[in-house]
Amino acid sequence: MPDNPSLNQSLEANKKLLKQAFATHRGMIFRELTIPAPGGQTRTALLVFAEAETDNMRLDTFVVRPLLEGDSPGYIGGSLAPSPVPMKKLNDAIGFVTRGKVLFQVEGTTEMFAVEVSNLPHRQIGMPETESGINGPKEAFTEHLIINLTQMRRRLPGKFLKIESLFIGTEAKLEAVIIYVEGKPTQTMIDTIRQRLNKVTQDGVQDVTELAEAVADAPLTLFPSIMLSERPDLVCHYLMGGRIAVMVENSPRALVVPAVANDFFTSSDDWYEWRPFVAFLRALRYLAFLIAVPLPALYVSVTTYHLQALPTQLTLSLLAQREGAPLPPPIEALVMTLIFEILREAGIRLPRTIGPTVSIVGGLVIGEAAIRSGITSPAMVLVVSATAVATFSLPSTTLANAATYTRFVVLALASTFGFFGLLLGYLLVITILASTTSLGVPYETPFFPLRPKFLPVSFGVQPRPPKSTGGTPSPKKTNQAEDYQEG
Amino acid sequence: MRHSKLVAVLLMAFVLSGCWSRRELTEVSFAGIMGIDWVDGQYLVTINVLSPRRGGGGGGGSEGVGTNVSGVWTVSQQAAALDEAVGRIDQILSRSLTLAHVRSIIYGEEMARHGIGPTVDYLLRSVEVRPTVWMGVTNGLARDLMTARTRQEGALSEGPLGYHDAAKRRSSVSPSIHLAEMANILQEEGISLTLPVFRLANRETPKPDGEKSPDPEAPKEIIFGGSGVFRDDKLVAWLSPDETMGQLWVKGHIVHGVISAPCKDPDRRAVFRLRKGKGDVKIKLVQGKLVGEVHIKAIADLNELNCREPGLTEEGAVGLSDLLRKKVEQQISAALKVAQKNGADFLGFGQELYRRDPKMFRKHQATWAKELTTMPITIHVDAKVPRQGQMGPRFHWSQTTPPPPP
């Protein structure tokens, strides 16, 4: 038997094929109906559907009753409300049945049709959990692709929202969609995304994040070059700014490319806040990042190598605290930072009722006890806490993760080489940032390469243009960086 | 090429610094103040080693968290060279000494009279001593000043530093000068150095029999004010706080402070708070002779007026500014007198001449100190008292002479 045999056969042959294919499938129903045929005769119709995924009412209304009432199988467009789709290949048919469609064939024909009667269980639209904000819409994506697309269409009505569908995977093909606004991203970008998705060979993609490596310019980058969002309103904002979104079925998030560094300092509320205040918040987040990465390293450098760098009062205050501390600063910093990471890891997955307990035990009890027993100095605890708070203030968790492992690298360098090591760490980070691209757009756009036009927008200070001047698509540009627009 | 760059970076990493050159906070003694004396033909170096309060912070208990300086340990060593003396102090201390946090360096009188040039050489060569260290001079041994117990601070660890800053902010009774500025002045043509003065005075405590006499055991006062005048690198004279103000007027360094001018009745005063002072020195050639001019602009507010004299009321700003003008003129001429008497050109007439006409300055350079002593100098003061400081209804009183005692 060929891998993917044709279904253009007689009813009996198809039935046999499907029986074989579903031999070990629980809950597949093969039902034969005797339906009237022209000339007062009767003939058999075969219905194949999955018990759990099918809505019995719809099955009855749209398929069984019309067939029993004598509609011929050539009635396409007749009383079967969801149009039947002719099935050519066995594998396609299997995919349709398992998604809740019903297959039917009438005796004497060689065509099998699929009709949408599914009733897939799915979650209702809920509140965004990882991107909660104070202002703006409160809807989040669900695991149901159709519902997700509905949410998008509702927000961007009109023909300019383009949704391309394709199936990824070799065996278990799952639907993925490429969403963009017509005329905003360049055709090259759209083609690149399509090519990259078509190359995905992984079967059974469960979440859009699994596609991140395939969609990114380089599979492993230190800093995130792909944005993920669970908020349809944000994705629509990004689409209007010329980005491309990718969604797959069963995933409650959309993947947005290209994404540059500045996007990861943007929070969902930035779109709905008073703009000057957004500029302040944005600057604050940049500052938080500058604290989150090098602070422990800076502390170690200053207390170990560069004793003259601090004011005398502060030096003496630090000295007073460090008197009798058993561990040298580099080890102390490493241990404390690690403990903090463990605490964070412990807190993330705990139920909400236990979470605060861990924070209290970890933060207060362990911290206080460590200081009292003289194992660590209050300054070190302060440094680690400030680092932690700065990390938490970053709006993107992927960016926070990047900050975490960069922090360890910089700490190691600073512990070994002092300020020189710190500088080396900075150079390393800047080099990595400068060499990262997202769909061909340099990661540090609009700062490097400088795009003065987008700078104010990046800091959220420029008021949004009041009205679009018309539907003229932007002219074709040569430089990929020019394609970047603030989301 | 790529590899060679990597190798270069790694090489730098290992050559520039590294684990072996680390000095941890707890392995270091921090010097706070440094005193330099000249005793028996040798340098006597005194260092106040700052130590944080024991038991604070990591040592145990949260009550010590964030405590600052309290204890100071003073160490002195004598040697033929400064670095040698510092090295001997380092040998005494359990932790290695660093001069990176020295905030003030004070010369003893003998040292200052002997010449401070060689010490500047050492201080500028040291990689640890900051160029922004405050400099000062005292009228005895710097060591005595540094071991003194004062009432305000636990010790002299932070005191002089506070005084230095206060000199600029608060009182204008003393110049304040950094090491780098001092080194510049010492090398510059036509200007002499002045350093702020710290004096140690025994506090007079009343004895049971009512007499007042110095008590050696009592806490001492450190009096800050006035300045030491140098010719080249040697101390030649002292300026009183009033004379110092005269100097600061001319240099334009008067910022804040209080100036007290006598009324016609010499026991009564008009007191002004300074708001702005501007000074300018000019030198001219009049009939083949060099003539100096000092131009001052002084603006002050009336703070206190305890005399009532005709033409001297709150409305009579003219009378008030006359008082201020006279006082400023008097301060400046007193400073000038010291400068001329000692041939120490700390007001910068020579510098002004050098800037105007370097060739002419060269002609006079050799005999400048002598010429200064006879050079005619005129003082022009433009004084204003724009505010009399009365906000509410005026308070009336009349000046009467107290009745004679019965």
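A residue is buried if 20 or more other C-beta atoms lie within 10 Å of its own, exposed if 12 or fewer, and partly exposed in between, with C-beta atoms placed from the backbone. Helices (H or I, at least four residues) and strands (E, at least two) are DSSP runs, numbered from the N terminus.

This is a predicted model, in which local features need pLDDT of at least 70, side-chain atom pairs count only at pLDDT 80 or more, and totals for chains, interfaces and linings use all residues. Residues are numbered from 1 along each chain as its sequence is written, and chains are lettered from A and ligands numbered from 1 in the order in which they are written.

**Exercise 1. A helix and its cover**

Find which residues of α9(A) are buried, and what covers them.

Solution.
- Step 1: Locate the helix. In chain A, α9 spans residues 295-304.
- Step 2: List the buried residues. They are A:Leu295, A:Pro296, A:Ala297, A:Tyr299, A:Val300, A:Ser301, A:Val302, A:Thr303 and A:Thr304.
- Step 3: Draw the conclusion. Because 9 of the 10 residues are buried, the helix is largely enclosed by the rest of the structure.
- Step 4: Find the cover. It includes α8, α10 (312-322) and α11 (329-348) of chain A.

**Exercise 2. Two positive phi values**

Decide whether A:Leu439 is buried or exposed. Then classify B:Asp232.

Solution.
- Step 1: Take A:Leu439. Its phi is near 55°, a positive value in a residue other than glycine. A:Leu439 sits in the loop between β11 (437-438) and β12 of chain A.
- Step 2: Count. A:Leu439 has 25 C-beta neighbours inside 10 Å, so it counts as buried.
- Step 3: Take B:Asp232. Its phi is near 50°, also positive and not in a glycine. The loop between β10 (220-231) and β11 (234-239) of chain B holds B:Asp232.
- Step 4: Count again. B:Asp232 has 13 such neighbours inside 10 Å, so it counts as partly exposed.

**Exercise 3. Cis peptide bonds**

Place the cis bond that joins A:Thr445 and A:Pro446.

Solution.
- Step 1: Read omega. It is about 5°.
- Step 2: Find the loop. A:Pro446 lies between β12 (441-442) and α16 (455-458) of chain A.
- Step 3: Add another case. The bond from A:Val257 to A:Pro258 is cis, with omega near -10°. A:Pro258 is in the loop between β10 (254-257) and α8 (275-292) of chain A.

Terms used: Contact = placed C-beta atoms within 7 Å.
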